[in-house]
Amino acid sequence: VAVTGLSISGADADNYTLTLPILQASITPASLSVTGLTANNKVYDGTTAASLSGTAALLGSICTGDVVSLSGTPTGNFDNKHVGSGKSVTVSGLSLTGADADNYTLTLPILQASITPASLNVTGLTANNKVYDCSTAATLSGSATLTGVVAGDDVTLSGTPSGAFADKNVGSNKSVAVTGLSISGADAGNYTLTLPILQA
């Protein structure tokens, strides 16, 4: 750092020469950030991938005449794959380019979005016809099976299925609601179970 602006004066000044110091200091990069992006909510799919909307733009003070631009394709990732609200989404894939890019650092945003539970269905059950018996009880046939589980997830169907007609009265193709089943396992919290409505 060259120092200027100083001189000597006085009756004996001519007997001296003034040597101004060369000092040292650092110039650290100015910070630029990214604006214009939002993270989208999604249904649980077993991955951390997050889709982004909007157009990325630079935010911050760029010196007049500096050549700095934003390049790359932004990608988003949730902090983990599990269901949750207001989860952090990190952005990557963007960088600075241009002749003056080294004078700046780029801070990528941390966005927020939610992962909602995926729906699991039960297949393999049928409701049996019956003779009127004053009750809504319905017998079921078959074996209950889960559909929709992401490969590798620990989710198990448990319980004993039971069926109930919508009412006790005689009729054809009556709705039969299934109850008595639930899901468990390390990844069960990422799903909701939809029990079937059968007919008999």
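## Close-up views of a predicted model

**View 1. Leucine 18 is partly exposed, with a relative accessible area of 42%.** Like everything in these views, this residue belongs to a predicted model. Leucine 18 sits in the segment that comes before β1 (30-39). On the surface, Leu6, Ile8, Tyr16 and Leu18 come together as a nonpolar patch. The accessible area of these four residues together is about 420 Å².

**View 2. Aspartate 153 meets two tyrosine side chains.** Let's start with the setting: aspartate 153 is in the loop that connects β11 (140-147) with β12 (156-165). Its relative accessibility is 13%, so aspartate 153 counts as buried. The side chain of aspartate 153 makes a polar contact of 2.5 Å with the side chain of tyrosine 44, and another of 2.6 Å with the side chain of tyrosine 191. Beyond the neighbours within four places in sequence, the residues in contact with aspartate 153 are Tyr44, Lys81, Asp187 and Tyr191. Charged partners appear here too: a network of salt bridges links Lys81, Asp153 and Asp187.

**View 3. The structure holds 1 aromatic pair.** The partners are tyrosine 44 and tyrosine 191, arranged edge-to-face. Their ring centres are 5.2 Å apart, and the angle between the planes is 75°. Tyrosine 44 belongs to the loop between β2 (42-43) and β3 (49-50), while tyrosine 191 is in strand β14 (residues 191-194), so the pair ties together parts that lie 147 residues apart in sequence. Are these tyrosines buried or exposed? Tyrosine 44 is buried, at 4% relative accessible area, and tyrosine 191 is also buried, at 6%. If you have just come from the previous view, you will recognise both rings: aspartate 153 makes side-chain polar contacts with tyrosine 44 and with tyrosine 191.

**View 4. Lysine 87 forms a salt bridge with aspartate 79.** Lysine 87 is part of strand β6 (residues 84-97). The closest N and O atoms of the bridge are 3.3 Å apart, and the two side chains are also joined by a polar contact of 3.3 Å. The partners differ in their surroundings: lysine 87 is buried, with a relative accessible area of 10%, whereas aspartate 79 is exposed, at 51%. Setting aside residues within four places in sequence, lysine 87 is in contact with Phe78, Asp79, Asn80, His82, Leu111, Gln112, Ala113 and Ile115.

**View 5. Two more salt bridges, among the 6 that the structure holds.** In one of them, the side chains of aspartate 45 and lysine 42 meet at 2.7 Å, N to O. Here aspartate 45 is partly exposed, at 35% relative accessible area, but lysine 42 counts as buried, at 15%. Another salt bridge brings together the side chains of lysine 130 and aspartate 133, with an N to O distance of 2.7 Å. Lysine 130 is partly exposed, at 32%, and aspartate 133 counts as partly exposed, at 40%.

**View 6. Leucine 70 in strand β5 (residues 69-78).** With 24% relative accessibility, leucine 70 counts as partly exposed. Which residues does leucine 70 touch, not counting residues up to four places away in sequence? They are Val34, Ala56, Ala57, Leu58, Leu94, Ser95 and Leu106. Take a look at leucine 94 in particular: leucine 70 and leucine 94 are 24 residues apart in sequence, with a C-alpha to C-alpha distance of 6.8 Å in space.

Terms used:
Residues numbered from 1 in each chain as written. Predicted model: local features only at pLDDT ≥ 70, side-chain atom pairs only at ≥ 80, totals over all residues. Heavy atoms only, no water. Helix = DSSP H or I, 4+ residues; strand = E, 2+ residues; numbered from the N terminus. Buried < 20%, exposed > 50% of the residue type's maximum accessible area, 1.4 Å probe, protein only. Polar contact = N/O pair within 3.5 Å; in protein donor to acceptor, adjacent residues only side chain to side chain. Contact = heavy atoms within 4.5 Å. Patch = residues over 30% accessible without salt bridge, like charges linked within 9 Å, V, L, I, M, F, W, Y side chains within 5 Å. Areas by Shrake-Rupley, 256 points an atom, 1.4 Å probe, with all protein chains shown as cover. Phe/Tyr/Trp six-rings, centres within 6.5 Å; stacked < 30°, edge-to-face > 60°.
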